[in-house]
Amino acid sequence: MGFLLNTVVGLVTVASFAVEARSEKVERAEFHVTSDPGVRIAVREVAAGRPAGPPVLLLHGARVPGLGSFDLPVRGGSLAEDLARAGHRVYVMDARGYGRSTRPPALSQPPEANPPAVRSDAVVRDVAAVVEGIRRRSGGSSGGRVALLGWATGGHWLGQYAAAHPDKVDRLILYNTLYGPVPDHPTMGRGSDNEHPDRPGQFNTARFGAYRLNTGDSLLPSWDRSIPDEDKTTWRDPAVVDAYVKAALASDPASGTRTPPSFRAPSGAMEDSFYLSTGRQLWDASLITAPTLVVRSGNDFWSRPEDVTALSSHLVHARSVRTVELPGATHYVHLDRPERGRDRFLREITAFLAAR
């Protein structure tokens, strides 16, 4: 991976580089947009050849930022590259508090000193800034609209954005996403450690604080439990797992100052998810007008079949609605082996983005 260009255009720093793979050149460029005053949001652009489809924005979930989630430098580890090769200019963002984006001051203080940082309203403002940046860079392709794909909490954030800005969205993909108003969740809602021990129905802010410290080892148990085979390598490539863990730790420049190394992830996503898990509906899918694809993995521990049902029944103004269950697939299916659901996931996504 060699840097080809490093220039400054206006107030935006752009670093471009190219990767040769399977005889096709994939180009990547880094830039930032400004969200709230003083908040810079990092974005990576990934493209191959001349894009023919709409630009696609990918948004990570509650813990691992964008590059670790969607653009790992190993075969089978980059959904961004797969979609770029399918004819899209792809954008991978980090919400504030994650990865290369601005971290709120609370993330530099002890976690217990502040309430959960980076709730949905803040991330939706970040998404809005990134979408405007993409619209400027895309030169009006797809009528100035952007396709959105969100994983887990990323789907919740993008759904909330799409409900507030329906005219900016070309298509919407919600992948293993909580929605509500389903009241019961087996592990994250009422009766879980996420609930305040003395205040039923209230999030346990003392347990989480402003942010959580995540070690590399902490990333794997939920993935392991989703895989029915004792030998986890039958389901996922160890090279992908290694790259995922390394990228997550590298996303926080302070990770190496702690023993063991750990990266910070804002807790606001966990508070939002707790309330979604207990039956609160934080946004209204009836306001969405874009064609929408709802994808759920059969072995997902985060979303529930009832979330898919509620979403499909509420998407009354979407131009089309498709729901897909991937039997036996894990929460991390886009990082699993092709035969364990990844190939089917990619076929569904690319066909949906190509349909007109």
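This report describes the overall fold, one helix pair, several buried side chains and some backbone features of a predicted model.

**Overall architecture**

The chain contains 10 helices and 12 strands. Its radius of gyration is 19 Å, close to the 21 Å that the globule rule gives for 356 residues, so the chain is as compact as a globular protein of that length. The C-alpha trace spans about 55 × 50 × 45 Å along its principal axes, and 58% of the 356 residues count as buried. Among contacts in the chain with a separation of 6 or more, 73% come from residues that are 24 or more positions apart.

**Helix 4 and helix 8**

Two packed helices are described by the angle between their axes and the distance between the axes. For helix 4 (residues 153-164) and helix 8 (residues 268-277), the axes come within 11 Å and cross at roughly 80 degrees. Because this angle falls in the range from 65 to 115 degrees, helix 4 counts as roughly perpendicular to helix 8. On the side of helix 4 the contact is made by Thr153, His156 and Trp157, and on the side of helix 8 by Ala269, Asp272, Ser273 and Leu276. Sorted by class, the contact of helix 4 with helix 8 has three nonpolar, three polar and one charged residues.

**Arginine 264**

Is arginine 264 buried or exposed? With a relative accessibility of 11%, arginine 264 counts as buried, because the cut-off for that class is under 20%. Arginine 264 lies in strand 10 (residues 262-266), and its side chain has polar partners of two kinds, one a side chain and the other a backbone atom. The side chain of aspartate 252 makes a polar contact with the side chain of arginine 264 at 2.8 Å, while the backbone oxygen of leucine 107 lies 2.9 Å from a polar atom of the arginine 264 side chain.

When residues up to four places away in sequence are not counted, arginine 264 touches Gly97, Arg103, Leu107, Ser108, Tyr211, Arg212, Leu213, Asn214, Asp252, Ala254 and Arg258. Both polar partners, Leu107 and Asp252, are thus included among the residues that arginine 264 touches. As for lysine 25, it is 239 residues from arginine 264 in sequence, and the two C-alpha atoms are 34 Å apart in space.

**Two buried serines**

Serine 78 is placed in the loop between helix 1 (66-70) and helix 2 (79-85), and it is buried, with a relative accessible area of 5%. A polar atom of the serine 78 side chain lies 2.9 Å from the backbone nitrogen of glutamate 81. Leaving aside neighbours within four places in sequence, serine 78 is in contact with Arg28, Phe70, Asp71, Leu72 and Arg342.

Serine 226, by contrast, has its place in helix 6 (residues 221-226), and it too is buried, at a relative accessible area of 7%. The side chain of serine 226 reaches the backbone oxygen of serine 222 at 2.9 Å. Outside the neighbours within four places in sequence, the contacts of serine 226 are with Asn299, Phe301 and Thr330.

The side-chain polar contacts described above are collected here.

| Side chain | Partner | Distance |
|---|---|---|
| arginine 264 | side chain of aspartate 252 | 2.8 Å |
| arginine 264 | backbone oxygen of leucine 107 | 2.9 Å |
| serine 78 | backbone nitrogen of glutamate 81 | 2.9 Å |
| serine 226 | backbone oxygen of serine 222 | 2.9 Å |

**Backbone features in loops**

Which residues does a cis peptide bond join, with omega about 0 degrees? The bond in question joins glycine 180 and proline 181, and proline 181 is placed in the loop between strand 8 (169-175) and helix 5 (205-208). The peptide bond from threonine 259 to proline 260 is also cis, with omega near -5 degrees, and proline 260 is found in the loop between helix 7 (238-250) and strand 10.

Asparagine 176 lies in the loop between strand 8 and helix 5; its phi is near 55 degrees, a positive value in a residue other than glycine, and asparagine 176 is buried, with a relative accessible area of 0%. Valine 118 likewise is not a glycine and has a positive phi, of about 65 degrees. Valine 118 is found in the loop between strand 6 (90-93) and helix 3 (120-138), where it is buried at a relative accessible area of 10%.

Technical notes
Residues are numbered from 1 along each chain as its sequence is written. This is a predicted model: local features need pLDDT of at least 70, side-chain atom pairs count only at pLDDT 80 or more; totals for chains, interfaces and linings use all residues. Side-chain values use heavy atoms; hydrogens and water are left out. Axes are lines fitted to C-alpha atoms, for helices over the stretch in contact, and angles run from 0 to 180 degrees between N-to-C directions. Helices (H or I, at least four residues) and strands (E, at least two) are DSSP runs, numbered from the N terminus. Angles under 35 degrees count as roughly parallel, over 145 as roughly antiparallel, 65 to 115 as roughly perpendicular and the rest as oblique. Contact means heavy atoms within 4.5 Å. Ala, Val, Leu, Ile, Met, Phe, Trp, Tyr, Cys and Pro count as nonpolar, Asp, Glu, Lys and Arg as charged, and the others, Gly among them, as polar. Buried means under 20% relative accessible area, exposed over 50%, partly exposed in between (1.4 Å probe, protein chains only). A polar contact is a pair of N or O atoms within 3.5 Å; within protein, one must be able to donate a hydrogen and the other to accept it, and residues adjacent in sequence count only if both atoms are side-chain atoms. The radius of gyration is taken over C-alpha atoms; the globule rule is 2.2 Å times the number of residues to the power 0.38.
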